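This report describes the protein chain shown below. It proceeds from the overall fold to the cores, a cavity and several individual residues.

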Amino acid sequence: MTVEKSKRILESDGTAVLSKRIKTEDSSLIEETIITPSIKQEPDSIPDTKKHLKVEIEEKRPNIFAKVTSTDVELIPPTCKAPTKWSEIYNELVVMRSKFLSPVDTMGCERIPEGISPNVSKTNPRVFRFQLLISLMLSSQTKDEVNFQAMRSLHSGLIARGHKDGLSLESIVTLSESEIDAFILKVGFHRKKAVYIKRACAILQDNFDNDIPKTINDIVTLPGVGPKMGFLLLQRGWNINDGIGVDVHIHRLAQMWGWVPKSDKPELTRAELERWLPKKFWSDINPLLVGFGQVICVPKASNCDICTLGIKKLCKGANKKLVNAPITDARREKLLKGRGNLTELITEIEDLV
């Protein structure tokens with residue numbers, strides 16, 4: 001079989017796919033298919049006549065997470081004293097998150113490299129890690145949607161300048177701080193971040209052989225990179241699960257549910273979560289809770305009427321008046337204007353109550 005035509009497509013939600021038109025060697029069939037990352041083709045034993053290409057999607061959807069099992073709970077040492085009903089809350093979150101995609105699922109930092117440079121994690125892991133680093137550095141005080149656009153602008157701008165890999169360490173060092181800043185104008189604190197990026201690139205060249213270091217202590221030597229970014233970078237870039245990346249959503253929600261003591265320091269939240277949460281969930285808890293915080297439990301505008309935690313009396317911070325309120329047409333219209341498509345979840349909540 002030969003590939004007759006191939007092109008990249010970027011969906012409106014930031015998801016990247018590859019469109020290929022495939023023709024058999026004997027030209028008996030031309031078939032077009034959409035191939036996403038992590039695919040598996042059928043065995044080579046294809047009949048000579050009417051050959052077909054079958055594609056199996058192996059990668060799970062980004063809003064699907066593993067539930068906590070009774071075995072997971074039993075393996076927590078008694079001395080750790082995990083919060084009561086934490087596993088019930090966690091599993092309710094898993095179910096709710098499976099009903100909608102949030103910005104973090106398609107335009108979050110870990111999704112951006114594949115979104116701007118499809119399949120880069122497999123074709124060029126070093127460039128993938130660098131793009132992941134830059135997406136994390138730009139993400140502070142910036143919504144995922146804005147960060148995605150800034151990363152795409154930086155990547156396409158470097159391609160236009162003749163750099164085949166687009167955004168990479170080798171290409172970005174050719175830019176001045178002001179040139180970097182011009183590409184990332186819409187992110188928060190863009191001038192400071194342009195300075196940090198330029199300095200971080202020099203450190204990677206001088207101290208880490210042009211790649212991302214593999215320890216948290218080394219990663220946080222990069223300007224503008226703290227433990228939250230560092231642990232996420234290790235998890236996604238090197239598959240090293242050494243800690244939890246705690247952002248504002250996790251910090252806020254974990255305190256509201258009584259998972260951690262009240263504090264204004266995310267690092268204390270991280271330490272407390274790592275004390276009792278089984279390590280197998282350290283990687284998932286970030287996108288799980290971030291997506292929930294972006295769409296359902298939004299700061300200053302919680303949507304307790306479509307949250308099963310409130311309905312099932314699992315959330316200490318639930319607005320009881322809102323939990324018991326009916327979902328009117330006006331309310332449904334307002335909910336559907338949020339950052340995620342809540343149609344499926346709203347329908348299920350209406351059936352539940």
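## Elements and the loop of Ser263

Helices, of at least four residues, and strands, of at least two, are DSSP runs numbered from the N terminus. With elements numbered in this way, Ser263 is placed in the loop between H13 and H14. The model is a predicted one.

Ser263 has a relative accessible area of 19% and is therefore buried, the cut-off being under 20%. Leaving aside residues up to four places away in sequence, its contacts are His251, Gln255 and Leu268.

## Overall organisation

The secondary structure of the protein chain consists of 19 helices and 7 strands. The chain has 353 residues, of which 47% are buried. Among contacts with a separation of 6 or more, 55% are between residues 24 or more positions apart.

The area exposed by the protein chain is about 18000 Å². Carbon and sulfur atoms supply 52% of that area.

## The nonpolar cores

The largest nonpolar core comprises 45 residues, and Trp257, Trp259, Phe292 and Leu309 have the most contacts inside it. Two or more residues each are contributed by helix H2 (86–97), helix H13 (248–256), helix H14 (266–276), helix H15 (285–295) and helix H19 (343–352). The greatest contribution to this core is that of H2, with 6 residues.

Phe292 illustrates how parts of the chain distant in sequence meet in this region. Not counting residues up to four places away in sequence, Phe292 touches Leu93, Met96, Arg97, Leu253, Trp257, Cys297, Cys307 and Leu309. Apart from the largest core lies another, with 43 residues, including Cys109, Phe208, Ile219 and Met229.

## Cavities and Asn210

The model contains 2 cavities of 30 Å³ or more. The second largest cavity holds about 30 Å³ of space. Its lining is formed by Arg126, Phe130, Leu169, Leu204, Asn210, Asp211 and Ile212. By class, the lining of this second largest cavity has 4 nonpolar, 1 polar and 2 charged residues.

Asn210, one of the lining residues, belongs to the loop between helix H10 (190–207) and helix H11 (216–219). Asn210 is partly exposed, because its relative accessibility of 28% falls between the 20% and 50% cut-offs. Its phi is near 65°, a positive value in a residue other than glycine. Positive phi also occurs at Lys85, a residue other than glycine, where the angle is near 60°. Lys85 is located in the loop between helix H1 (70–74) and H2.

## Two buried residues: Asn147 and Leu167

Asn147 lies in helix H7, which spans residues 144–160. With a relative accessible area of 0%, Asn147 is buried. Beyond residues up to four places away in sequence, Asn147 touches Cys109, Ile112, Ser135, Leu138, Ser139, Thr142 and Val187. One of these contacts, Cys109, is among the residues of the 43-residue core.

Leu167 occupies the loop between H7 and helix H8 (169–172). Its relative accessibility is 0%, so Leu167 counts as buried. Residues touched by Leu167, not counting those up to four places away in sequence, are Val127, Phe130, Gln131, Ile134, Met151, Leu154, His155, Leu158 and Ile172. Of these, Phe130 also lines the second largest cavity. Leu167 and Ile134 are 33 residues apart along the chain, and their C-alpha atoms are separated by 9.1 Å.

## A partly exposed helix residue: Lys198

Lys198 is situated in helix H10. Its relative accessible area of 25% makes Lys198 partly exposed.

Which residues does Lys198 touch, not counting residues up to four places away in sequence? They are Ile172, Val173, Leu175, Ser176, Glu177 and Ile180. Ile180 and Lys198 are 18 residues apart in sequence, with 8.4 Å between their C-alpha atoms. Ile172, a contact of Lys198, is likewise a contact of Leu167.

Conventions: Residues numbered from 1 in each chain as written. Predicted model: local features only at pLDDT ≥ 70, side-chain atom pairs only at ≥ 80, totals over all residues. Heavy atoms only, no water. Buried < 20%, exposed > 50% of the residue type's maximum accessible area, 1.4 Å probe, protein only. Contact = heavy atoms within 4.5 Å. Areas by Shrake-Rupley, 256 points an atom, 1.4 Å probe, with all protein chains shown as cover. Core = buried A, V, L, I, M, F, W, Y, C linked by side-chain atoms within 4.5 Å. 1 Å grid on protein atoms, 1.4 Å probe; cavity = no way out; pocket = protein on both sides within 12 Å on 5 of 7 lines; lining within 4 Å. Points joined across faces, edges and corners; volume = space filled by probe spheres on them. Nonpolar A, V, L, I, M, F, W, Y, C, P; charged D, E, K, R; others polar.
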